[in-house]
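Let's take a walk through a protein chain together, one stop at a time. Keep the sequence and the 3D view side by side as you read.

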Amino acid sequence: MSQQHQCDEYISMVNLAQRYEEISPTAEPLILDTLRSGHYIGGPLILEAEATAAKWFNRQGAVGVNSGTDALILSLQALGIGPDDEVILPAITFFATAGAVCAVGATPVIVDTLENGCMDPNAVDNAATSNTKAIIPVHLFGNPAKLNPTEMWIIDDAAQAIGASPPPKQGILTALSTYPTKTWGGVGDGGFVIADDLELLQRVRTLGNHGLTDRPHVHHSVMGHIGRNSRLDSIQAAALIAMETTLLERVEKRREIATQYNAELHPDLRPLPHDPSSPVHQYLIRHSSRDQIQRGLNDENIQSTIYYPLPLNQQPALQKVLTRMPPTPTANRLCDELLAIPVHAGLNQTQTHRIIHTLNTAVSTL
Ligand SMILES: Cc1ncc(COP(=O)(O)O)c(C=O)c1O
């Protein structure tokens with residue numbers, strides 16, 4: 001670490017305590033009201049959070065669930081996808097996208113990405129067979145993944161796309177995560193399935209509530225399906241309702257920081273292209289000496305993260321599951337080059353300048 005920056009504060013990728021401080025005047029009374037009301041599961045706050053999720057994606061409705069992973073699993077189950085079915089997904093995403101497909105017994109088919117990290121629509125078309133039942137475009141880092149017209153079910157993995165304008169809307173169902181580090185993050189695990197088809201959403205709700213189709217509040221109810229427990233709880237809903245009040249503002253701040261990075265970072269750092277609609281869930285640079293650049297940031301007390309170190313088709317856990325392996329040259333290279341740098345709304349100008357200066361120095365001295 002240089003003498004100059006030895007005393008500089010640590011700049012982290014996300015500062016959840018700072019975010020909570022910003023929303024605590026709204027969040028604390030709501031969370032306390034929830035604790036005092038006894039409405040711990042179900043109740044009006046869940047409905048309000050669901051309506052908020054639907055609004056962000058311009059959809060008719062939403063169902064609160066336990067996590068983004070469950071949102072994907074329940075979406076697949078609601079569409080009847082299971083063993084013998086193939087589901088196409090991109091090589092760059094968080095493992096949960098593939099984990100969800102495996103959880104319903106279906107086989108993931110992993111395809112290459114474009115230079116922005118989202119799935120390549122032509123690679124999807126080339127990989128589709130009569131066994132393919134669904135496609136999961138991941139709106140990676142907030143960039144909208146676009147597909148060619150298709151007859152297959154599409155489930156949008158929008159875990160990283162809250163705040164996009166317009167919101168990505170390719171599929172019949174949208175799966176959202178509200179894990180704390182997400183831009184609309186709660187105070188624990190949570191997620192939503194979002195859709196226009198209210199009947200389909202009711203199926204999701206049933207599957208995530210033990211399969212209850214009859215008199216849902218009576219203990220000895222009649223089960224129409226084999227479901228399980230994946231419900232959003234009211235404390236999460238209260239936190240999310242409070243967190244949403246600053247969501248737009250925080251997304252705008254992220255976009256401003258991204259614009260500044262685009263203008264001031266050394267061109268050799270090749271920022272990952274961002275669509276104008278993107279809420280900039282992550283800001284990434286691309287460089288063949290990525291690890292050296294990351295060491296330069298570490299030395300100056302600046303956190304950075306490698307998203308994602310391996311394309312999905314190289315994940316050890318999937319080696320016995322994959323039956324087909326289309327080539328993924330772009331994703332392979334991106335996984336060697338990508339580095340995410342801090343872009344959260346709590347960054348001030350001094351910190352942003354420090355990040356830019358450190359990166360530009362690191363790249364010029366390679
Ligand atoms: C693209 C993507 N899909 C799915 C998930 C899973 O969400 P959760 O952690 O809420 O289960 C995540 C979370 O990191 C994600 O980034």
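A good place to begin is the inside. The largest nonpolar core has 48 residues, and Leu 76 and Val 87 are the ones with the most contacts inside it. Helix 3 gives this core its largest share, six residues. Before going further, please keep in mind that you are looking at a predicted model.

Which residues does Val 87 touch, leaving aside those up to four places away in sequence? Its partners are Leu 76, Ile 81, Val 101, Ala 106, Thr 107, Pro 108, Val 109, Ala 134, Ile 135 and Ile 136. Apart from this core lies another one, made of 28 residues, including Ala 161, Ile 162, Ala 237 and Ala 239.

Now let's turn from nonpolar residues to charged ones. Side chains of opposite charge can pair when their charged atoms come close. How many such salt bridges does the structure hold? The count is 15, and a few of them are worth visiting.

Start with Asp 8 and Arg 354, which form a salt bridge whose closest N and O atoms are 3.4 Å apart. This pair links distant parts of the chain: Asp 8 belongs to the segment before helix 1 (16-37), while Arg 354 sits in helix 11 (residues 349-364), 346 residues apart. Are the two partners buried or exposed? Asp 8 has a relative accessible area of 22%, so it counts as partly exposed. Arg 354 has a relative accessible area of 9%, so it counts as buried. The cut-off behind these words is that buried means under 20%.

Next, find Asp 85 and Lys 133, whose side chains meet in a salt bridge at 3.4 Å, N to O. Asp 85 lies in the loop between helix 3 (68-78) and strand 2 (86-90), and Lys 133 lies in strand 4 (residues 132-135), so this pair ties together parts that are 48 residues apart in sequence. Here Asp 85 is buried, with a relative accessible area of 10%, whereas Lys 133 is partly exposed, at 33% relative accessibility.

A third pair stays within one helix. Arg 255 and Glu 252 form a salt bridge, with 3.1 Å between the closest N and O atoms. Why are they separated by about one helical turn? Because they are three residues apart in helix 8 (residues 247-264). Arg 255 is buried, at 15% relative accessibility, and Glu 252 is partly exposed, at 36%. Salt bridges can also share partners: in this way Glu 115, Arg 270, Arg 286, Arg 333 and Glu 337 are joined into one network.

Two of the helices you have just met also pack against each other. Helix 8 and helix 11 do so at an angle of about 30°, with 11 Å between their axes. Helix 8 passes helix 11 in a right-handed crossing. On the helix 8 side, the contact is made by Ile 257, Gln 260, Tyr 261 and Glu 264. Helix 11 contributes Gln 349, Thr 352, His 353, Ile 355, Ile 356 and Asn 360.

What about the cysteines? The structure holds zero disulfides, and the distances help to explain this. The sulfur of Cys 102 has its closest cysteine sulfur in Cys 335, 18 Å away, which is too far for a bond. For the sulfur of Cys 335, the closest cysteine sulfur is in Cys 118, at 13 Å, again too far for a bond. To see why, recall that a disulfide needs the two sulfur atoms within 2.5 Å. Cys 102 is partly exposed, with a relative accessible area of 28%, while Cys 335 is buried, with a relative accessible area of 1%.

Let's finish with two spots where you can compare sequence and space. Pro 149 lies in the loop between strand 4 and strand 5 (153-157). With a relative accessible area of 82%, Pro 149 is exposed. Along the sequence, Pro 149 and Asp 125 are 24 residues apart, and their C-alpha atoms are 9.5 Å apart in space.

The other spot is Arg 203, found in helix 6 (residues 198-207). Arg 203 is partly exposed, at 38% relative accessibility. How far is Arg 203 from Asp 291, C-alpha to C-alpha? The two are separated by 46 Å, and they stand 88 residues apart along the chain.

Key: Residues are numbered from 1 along each chain as its sequence is written. This is a predicted model: local features need pLDDT of at least 70, side-chain atom pairs count only at pLDDT 80 or more; totals for chains, interfaces and linings use all residues. Side-chain values use heavy atoms; hydrogens and water are left out. A salt bridge is a side-chain nitrogen of Lys or Arg within 4 Å of a carboxyl oxygen of Asp or Glu. Helices (H or I, at least four residues) and strands (E, at least two) are DSSP runs, numbered from the N terminus. Buried means under 20% relative accessible area, exposed over 50%, partly exposed in between (1.4 Å probe, protein chains only). A nonpolar core is a set of buried Ala, Val, Leu, Ile, Met, Phe, Trp, Tyr and Cys residues joined through side-chain atoms within 4.5 Å. Contact means heavy atoms within 4.5 Å. Axes are lines fitted to C-alpha atoms, for helices over the stretch in contact, and angles run from 0 to 180 degrees between N-to-C directions. A crossing is left-handed if the near helix is turned anticlockwise from the far one by less than a right angle, and right-handed if clockwise.
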